[in-house]
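Here is a friendly round of questions about how some labels are earned in a structural model. Each answer puts a value beside the rule it has to meet.

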Number of protein chains: 2
Amino acid sequence: MAELTPTEPARAAADAVRVVVVDDDALVRASLRMILGGDPRLEVVAECADGAEAVTVVQRLRPDVVLMDVRMPRVDGLTALRSLAAAGSPARVIVLTTFDADELVLRALREGAAGFLLKDTPPAQLVDGIHRVAAGEPILSPTVTAQLIASVAKPEDAERRAAALRALEPLTPRERDVAIAVAEGLSNQEIGERLYLGVATVKTHVAHLFAKLGVANRVQIARLVHDAGLG
Amino acid sequence: MAELTPTEPARAAADAVRVVVVDDDALVRASLRMILGGDPRLEVVAECADGAEAVTVVQRLRPDVVLMDVRMPRVDGLTALRSLAAAGSPARVIVLTTFDADELVLRALREGAAGFLLKDTPPAQLVDGIHRVAAGEPILSPTVTAQLIASVAKPEDAERRAAALRALEPLTPRERDVAIAVAEGLSNQEIGERLYLGVATVKTHVAHLFAKLGVANRVQIARLVHDAGLG
DNA sequence: GACCCGCTCCGCCCAAAGGTGGACCCGGCG
DNA sequence: CGCCGGGTCCACCTTTGGGCGGAGCGGGTC
């Protein structure tokens, strides 16, 4: 057994997950520290009150996990998250927020957050989540998961796609070829070269496309093709 | 078939979550029944061996939760899921699969799955997941969550968007207006009417767009505008 | 003041796109 | 067989798009 240095919390295990807590509210920090302190396999190695501080501290201390608030003065959590990702920090960041703003969730995950928890998460689940994140698992609050699912399900999106596919369905194979080429921004001349057709033939197909799709110009053909997911 | 008479499992609580198990493998069904049987607050009210059976059984028994395998003879799990959703069934469906095929995950969630678990999920978590789903929470296996996050994060997607935004950034406000109108498939004439401009002015702006964006025709302007997310 | 820049508009010209009508080949079908 | 539809191509025409140069106006800067 190694002797413990007197300055360190005696209860942290040697292989504890090292955590940095970032929140502008001292009460929240204290509360989190108390929750995490209950688990000897977690060690809070630092607290920060804003994003700028967090970036420098995390780069120096190299913690395993960062609990990051979103709303903070000076530099907000998402910006800090981006900075860390850009700097190649291996720390896994759990974003904490009081409200589950849809937009925030997607942005945070795009910026590389490993987790997204609401502040009303029960202490036991928070502790569990930190361990999971440290182990490489992603961890999301249920409402966040639901939002994420909704964002990929998007019934309105599916409808547009379905409508576009329906519109493109009566096209002949050749017309489809031409439609796709049009959607790529090629001229009739270029389309002819790609498909080994005369310009006149391409024009004929494009004319049919206008009629069948009920549109007036090639940009609108491109819109349909893209909506159908063929671009 | 294999509908169970309520007399058999005497242990199910009166307010138990009613579950239907759907899997073509009898061993898997038996195993699931054993796992769920360990919790008196769960009641397996029926087992089905394929999707077609599942649809009729679920509509008749109206269970709270359905554990649905994906790969099954005759009617697969996703098709059954769609049928149930189309029929307005309130049953919450957890899709079970051995492998975490990316494509399957997105399809299942789009079809309205309330959860997506891998078959290697520990029994305790499976039971917990069923209760959560019954309570209205979504429930995903960690690897599935990771896939979902990856599908919204899509670095390649973000890059394209960022590149498009970068390309559009040096445009003047007016040019941006014109670019968006072009992307909607309007003619120069129509753009002029919308923005109270002469056709000549619109042409000037469009010419500037070609130069600044490095493209040769309006379809390609439309592509950029869409990639930037302004469409 | 001179200057640059964004915005507006003009005219001229040519190329490309789009509209119309017709032609031929070929393969499937009644 | 004749008929039809997809695919290929043509000619002719009008409209639109796109290239080029020029110009005036307002606001901001040096």
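Q: What makes the pair formed by the side chain of Lys203(A) and a base oxygen of DNA strand C a polar contact?
A: Happy to walk through it, bearing in mind that this is a predicted model. An N or O atom in the side chain of Lys203(A) is 2.6 Å from a base oxygen of DNA strand C. A polar contact needs a pair of N or O atoms within 3.5 Å, so the pair qualifies.

Q: Why is the approach of Gly198(B) to a phosphate oxygen of DNA strand C called a polar contact too?
A: Here the protein partner is a backbone N or O atom, and it lies 2.7 Å from the phosphate oxygen. The cut-off is 3.5 Å, so Gly198(B) passes through its backbone.

Q: And what makes Thr201(B) a polar partner of DNA strand C?
A: An N or O atom in the side chain of Thr201(B) is 2.9 Å from a phosphate oxygen. That value is within 3.5 Å, so the name fits.

Q: Which residues come nearest to DNA strand C?
A: There are 15 residues around the strand, and Lys203(A), Arg218(A), Thr172(B), Arg174(B) and Gly198(B) come nearest. By class, this surface has 4 nonpolar, 8 polar and 3 charged residues. Its largest share, 4 residues, comes from H10(B).

Q: Which part of DNA strand C faces the protein, sugar and phosphate or bases?
A: Of the strand's atoms within 4 Å of the protein, 65% belong to sugar or phosphate, and the rest belong to bases.

Q: How do you know how much area chain B and chain A bury between them?
A: Buried area is what the two parts lose on being put together, summed over both, so the figure of about 2,300 Å² covers the two chains jointly. Carbon and sulfur atoms carry 67% of it. In chain B, Ile149(B), Val152(B) and Val219(B) lose the most area to chain A, together 25% of what that side buries.

Q: How many salt bridges and polar pairs link chain B and chain A?
A: The rule finds 0 salt bridges across this interface. A salt bridge needs a side-chain nitrogen of Lys or Arg within 4 Å of a carboxyl oxygen of Asp or Glu, so no such pair was found between the chains. Polar contacts do occur, with a count of 8 residue pairs, both residues being at pLDDT 80 or more.

Q: What makes up the side of chain B that touches chain A?
A: Its residues divide into 14 nonpolar, 7 polar and 6 charged. H6(B) gives the largest share, 8 residues.

Conventions:
Residues numbered from 1 in each chain as written. Chains lettered and ligands numbered in written order. Predicted model: local features only at pLDDT ≥ 70, side-chain atom pairs only at ≥ 80, totals over all residues. Heavy atoms only, no water. Buried area = accessible area lost by both parts, 1.4 Å probe. Polar contact = N/O pair within 3.5 Å; in protein donor to acceptor, adjacent residues only side chain to side chain. Helix = DSSP H or I, 4+ residues; strand = E, 2+ residues; numbered from the N terminus. Nonpolar A, V, L, I, M, F, W, Y, C, P; charged D, E, K, R; others polar. Near = heavy atom within 4 Å.
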